[in-house]
Amino acid sequence: MTKPHEGMPAFDQSGEQLSFFEFWPMWAFYPPVMLYALYLMLRYRGILLPTVANPSFPGGGFVGESKADKFLAWAGDRLWLFNQKGSASQDAILGAISWSAEHRGVKHFVIDNLMMVTDGESGERAMNSQKTFIEKLKRCADDVGVHVHLVHHVRKGESESDRPNKFDLKGSGAIADLSDQIFIVWRNKKREAYFQHPNRKPDPELEAQAGATLAVVKNRRVGIEKSYALWFDRASRQFSPTSDARPFDLTLGEL
């Protein structure tokens with residue numbers, strides 16, 4: 001029994017316990033869950049679909065099954081993580097890319113995000129640091145023959161309904177100038193708010209819109225610039241190219 005906080009009157013626990021309301025009996029809790037899981041299997045045409053739920057949660061998916069472990073087992077030696085918490089120096093990032101490309105055969109790198117590798121600079125010095133890092137990053141990628149995906153953020157506009165472009169990137173203008181490709185992910189916040197409103201009025205035009213877009217706003221190597229509509233599937237935490245597409249099944253390793 002836990003001891004009451006000093007200064008607070010003791011809680012009288014001599015009475016009879018009425019109910020243990022924190023837990024429902026299994027016979028009452030699981031049938032609705034299984035019915036909904038069956039509905040998702042039929043909707044997305046995949047018997048194993050519930051097994052991919054919440055792969056980032058240690059206990060996601062079915063009881064007793066770690067989705068994080070499931071994902072790491074599926075990834076195998078295809079996924080390597082740079083064990084660094086917080087910011088990192090530019091030299092450390094560049095060194096990790098060169099070493100991983102040579103000793104682990106890694107071809108694609110994701111750096112999240114640019115603001116964490118400014119070497120502690122601020123103001124105008126930070127902008128010069130960003131320009132220098134992009135130049136070194138391009139040179140490093142060309143030298144070892146890899147692709148580097150650098151996550152960056154845009155400035156806050158007047159409204160979240162306004163779609164950003166490459167001129168809205170935070171920091172130095174050299175980021176857009178030096179990059180070979182620029183992809184911008186935009187969430188349709190207006191559509192999200194519409195579906196969250198309990199007393200919304202029907203708006204077929206808004207309902208038909210995509211939940212997000214992936215826009216290619218710069219493509220130096222190929223030249224093709226276009227936008228792709230995306231729909232977010234909450235059950236699997238994935239984006240899909242159509243509203244009724246089946247999510248990627250991590251347990252099978254295939255679409």
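# Salt bridges, sheets and a surface patch: worked exercises

The structure holds six salt bridges. Keep in mind that this is a predicted model, so let's begin with how far to trust each part.

## Exercise 1: Confidence and layout

Find the mean pLDDT of the chain, the elements with the lowest and highest mean pLDDT, and the order of helices and strands.

**Solution.**

Step 1. Start with the whole chain: its mean pLDDT is 81, and 80% of the residues reach 70 or more.

Step 2. Now go element by element. Helix 2 (residues 67–75) has the lowest mean pLDDT, 73, while strand 2 (residues 147–151) has the highest, 94.

Step 3. Tally the secondary structure, and you get seven helices and six strands. Read from the N terminus, the order is α-α-α-β-α-β-α-β-α-α-β-β-β.

Step 4. For burial, 28% of the 255 residues of the chain count as buried.

## Exercise 2: A salt bridge inside a helix

Which residue forms a salt bridge with Lys-131, and how are the two placed in helix 4?

**Solution.**

Step 1. Side chains of opposite charge can pair when their charged atoms come close.

Step 2. The partner of Lys-131 is Glu-135, with the closest N and O atoms 2.6 Å apart. The cut-off for a salt bridge is 4 Å, so this pair at 2.6 Å qualifies.

Step 3. Next, look at the spacing. Both residues belong to helix 4 (residues 123–144), and because they are four residues apart, about one helical turn separates them.

Step 4. Check the accessibility of both ends. Lys-131 is partly exposed at a relative accessible area of 36%, and Glu-135 is partly exposed too, at 29%.

## Exercise 3: A salt bridge between loops

Where do Arg-221 and Asp-180 lie, and is each of them buried or exposed?

**Solution.**

Step 1. Get the contact first: the side chains of Arg-221 and Asp-180 meet in a salt bridge, 3.2 Å from N to O.

Step 2. Then place the ends. Arg-221 sits in the loop between strand 4 (212–219) and strand 5 (227–233), and Asp-180 in the loop between helix 5 (174–178) and strand 3 (181–187). The pair therefore ties together parts that are 41 residues apart in sequence.

Step 3. For accessibility, the buried cut-off is under 20% and the exposed one over 50%. Arg-221, with a relative accessible area of 58%, is exposed, whereas Asp-180 at 18% counts as buried.

Step 4. Zoom out a little: Arg-221 and Asp-180 belong to a network of salt bridges that also links Lys-138 and Arg-220.

Step 5. For another pair, try Glu-192 and Arg-187, whose closest N and O atoms are 2.7 Å apart in a salt bridge. Glu-192 is partly exposed at 22%, and Arg-187 is partly exposed at 44%.

## Exercise 4: The strands

In what order do the four strands of the open sheet run, and how does strand 1 pair with strand 2?

**Solution.**

Step 1. The open sheet has the order 3-4-5-6, with antiparallel pairing. Strand 3 and strand 6 (238–240) are the edges, each pairing on one side only. On average, neighbouring strands of this sheet are turned by 35° against each other, direction ignored.

Step 2. Follow strand 5 into strand 6: they pair in the antiparallel sense over three bridges, and Asp-233 stands opposite Gln-238 in strand 6.

Step 3. Pick a residue in strand 4, such as Val-217. At 16% relative accessibility, Val-217 counts as buried. Its C-alpha is 5.7 Å from that of Ile-182, although the two residues are 35 apart in sequence.

Step 4. Now turn to strands 1 and 2, which run parallel and are joined by five bridges. His-108 stands opposite His-147 in strand 2.

Step 5. Sort the faces of strand 1 (residues 108–112): Phe-109 and Ile-111 make up the covered face, and His-108, Val-110 and Asp-112 the uncovered one.

## Exercise 5: A nonpolar patch

Which residues form a nonpolar patch on the surface, and what accessible area do they have together?

**Solution.**

Step 1. The members are Trp-24, Phe-29, Val-33 and Met-34.

Step 2. Together they have about 440 Å² of accessible area.

Step 3. Take one member, Val-33, which is found in helix 1 (residues 26–43). Val-33 is partly exposed, with a relative accessible area of 37%.

Note on methods. Residues are numbered from 1 along each chain as its sequence is written. Side-chain values use heavy atoms; hydrogens and water are left out. Buried means under 20% relative accessible area, exposed over 50%, partly exposed in between (1.4 Å probe, protein chains only). pLDDT is the predictor's confidence in each residue, from 0 to 100. Two strands pair if DSSP finds at least two bridges between them. Axes are lines fitted to C-alpha atoms, for helices over the stretch in contact, and angles run from 0 to 180 degrees between N-to-C directions. Patches are made of residues with over 30% relative accessible area and no salt bridge: like charges are joined within 9 Å, nonpolar side chains (Val, Leu, Ile, Met, Phe, Trp, Tyr) within 5 Å. Accessible areas come from the Shrake-Rupley method with a 1.4 Å probe; for residues, only the protein chains shown count as cover.
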